[in-house]
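This briefing covers sheet pairing, helix packing, charged side chains and unusual backbone geometry. The sequence and structure come first.

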Amino acid sequence: MTDLHVVALVSVGAHPTSGRPRRAEQDARAVELGLRLSGERLQVVHAGDASDEALRAYLGMGLPSLTVLQQPPRADALPALVEHLANSPAQLVLTGSQAETGEGSGMLPYLLAERLGWPLVVGLADIESVENGQALVLQALPRGQRRRLRVRLPFLASVDNGAPAARQSAFGPARRGQLQVQEAAPADDPLLAVATLQPARPRPKRLKVVSAGNAAERMRAATRKATGGGGQTLEGVSPQAAAETIFNVLLDEGVLR
């Protein structure tokens, strides 16, 4: 896989407690996976402001350079990334599944794959082999499960916490690495221009009401391992039927009203 042309897209993250700028955790895992695949040949791209010092934390992972597509604050990074990747020899693009700052909607990998016309693998854990224009990848599933998929090149993959943890960032390489700034045409983000951003908070988990006669039974019920069974797997159904099923689940969970 030494000849595989890999691109990792990174963003500026935020510390979950202090909110200070840092490298994004999932984006750093994408860079880690890219380094394992192609070493220093990995190309790392950021669409945003080159003056942000948090970007040097990625250089500290052992990268000689990082490409910055210069964009003004609150600009839409999607058009600049699409143009850059469409004009590059990229065969595999790695991203985090969700940004830690900005909108944080998690839609960028999907929109990027749609614009490029590439397959998208969600929850990439590892790439086992690349042969004859196809990659054998390992996808992370809930409850620690894994699934092998065969995907044709080029494709885009989002990385979450199921991928290998990122190596530490060293101060020396972070200072020596180069930020290569490229001018890119800015695009307004009308949704972000009128939106009010606030920190995302986890939704409270539902507590199951336990009716038991004594304290021992209540303790056993509270510590019993949760089991699934309420979900369903959709295979071989039409897009309309799948959309209706998802819509009904969102109604039942109270997400849509």
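A salt bridge is taken here as a side-chain nitrogen of Lys or Arg within 4 Å of a carboxyl oxygen of Asp or Glu. By this rule the model, which is predicted, has six salt bridges. The points below start with these pairs, then turn to a buried arginine, the strands and helices, and the backbone.

**Salt bridges**

- Side chains of opposite charge can pair when their charged atoms come close.
- E100 and R22 form one such pair, with N to O at 3.2 Å. E100 sits in the loop between β6 and α4 and R22 in strand β3 (residues 21-23), so this salt bridge ties together parts that are 78 residues apart in sequence.
- E100 is partly exposed at 31% relative accessible area, and R22 is also partly exposed, at 27%.
- R175 pairs with E53, the closest N and O atoms lying 3.0 Å apart. Because R175 belongs to helix α5 (residues 171-176) and E53 to the loop between β4 and α2, the pair ties together parts that are 122 residues apart in sequence.
- R175 has a relative accessible area of 42% and is partly exposed; E53, at 49%, is partly exposed too.
- R36 and E32 make a salt bridge in which the closest N and O atoms are 3.0 Å apart. Both residues lie in helix α1, four residues apart, which is about one turn of the helix.
- Is each member of this pair buried or exposed? R36 is exposed, with 53% relative accessible area, whereas E32 is buried, with 4%.
- A network of salt bridges links E32, R36 and R167.

**A buried arginine without a salt bridge**

- R56 is located in helix α2 (residues 56-59).
- R56 is buried but has no salt bridge. The nearest side chain of opposite charge is E53, 4.2 Å away; a salt bridge requires a distance within 4 Å, so this pair does not qualify.
- What does the side chain of R56 reach at 2.8 Å? The backbone oxygen of A174 is the atom at that distance.
- Leaving aside residues up to four places away in sequence, R56 touches S169, A174, R175, G177 and L179. R175, one of these, is the salt-bridge partner of E53.

**The seven-stranded sheet**

- The strand order is β7-β11-β6-β1-β4-β5-β12, in an open sheet of seven strands with parallel pairing.
- The edges are formed by β7 (120-121) and β12 (178-183); each has a single partner strand, so one side of each is left without a neighbour in the sheet.
- β7 pairs with β11 (residues 155-159) over two bridges, in the parallel sense. L120 stands opposite L156 in β11.
- Helix α1 (residues 25-38) packs on the sheet and touches β1 (6-9), β4 (43-48), β6 (92-96) and β11. The direction of α1 makes about 155 degrees with that of β6.
- Helix α4 (residues 108-116) lies across β1, β6, β7 and β11. Relative to β11, α4 runs at about 180 degrees.

**The β8-β9 hairpin**

- Strands β8 (residues 124-131) and β9 (residues 134-140) run antiparallel and are joined by six bridges.
- Which residue of β9 is the bridge partner of S129? That partner is L136.
- The hairpin has two residues between the strands, and N132 takes a positive phi there, near 55 degrees.

**Backbone exceptions**

- Most residues other than glycine have a negative phi, and most peptide bonds are trans.
- N132 departs from the phi pattern, since it is not a glycine yet has a positive phi of about 55 degrees. N132 is exposed, at 80% relative accessibility.
- R74 is another residue other than glycine with a positive phi, near 65 degrees. R74 lies in the loop between β5 (65-70) and α3 (78-86) and is partly exposed, with a relative accessible area of 46%.
- The peptide bond from L153 to P154 is cis, with omega near -10 degrees. P154 is in the loop between β10 (146-152) and β11.

Methods: Residues are numbered from 1 along each chain as its sequence is written. This is a predicted model: local features need pLDDT of at least 70, side-chain atom pairs count only at pLDDT 80 or more; totals for chains, interfaces and linings use all residues. Side-chain values use heavy atoms; hydrogens and water are left out. Buried means under 20% relative accessible area, exposed over 50%, partly exposed in between (1.4 Å probe, protein chains only). Lys and Arg count as positive and Asp and Glu as negative; His and the chain ends are not counted. A polar contact is a pair of N or O atoms within 3.5 Å; within protein, one must be able to donate a hydrogen and the other to accept it, and residues adjacent in sequence count only if both atoms are side-chain atoms. Contact means heavy atoms within 4.5 Å. Two strands pair if DSSP finds at least two bridges between them. Axes are lines fitted to C-alpha atoms, for helices over the stretch in contact, and angles run from 0 to 180 degrees between N-to-C directions.
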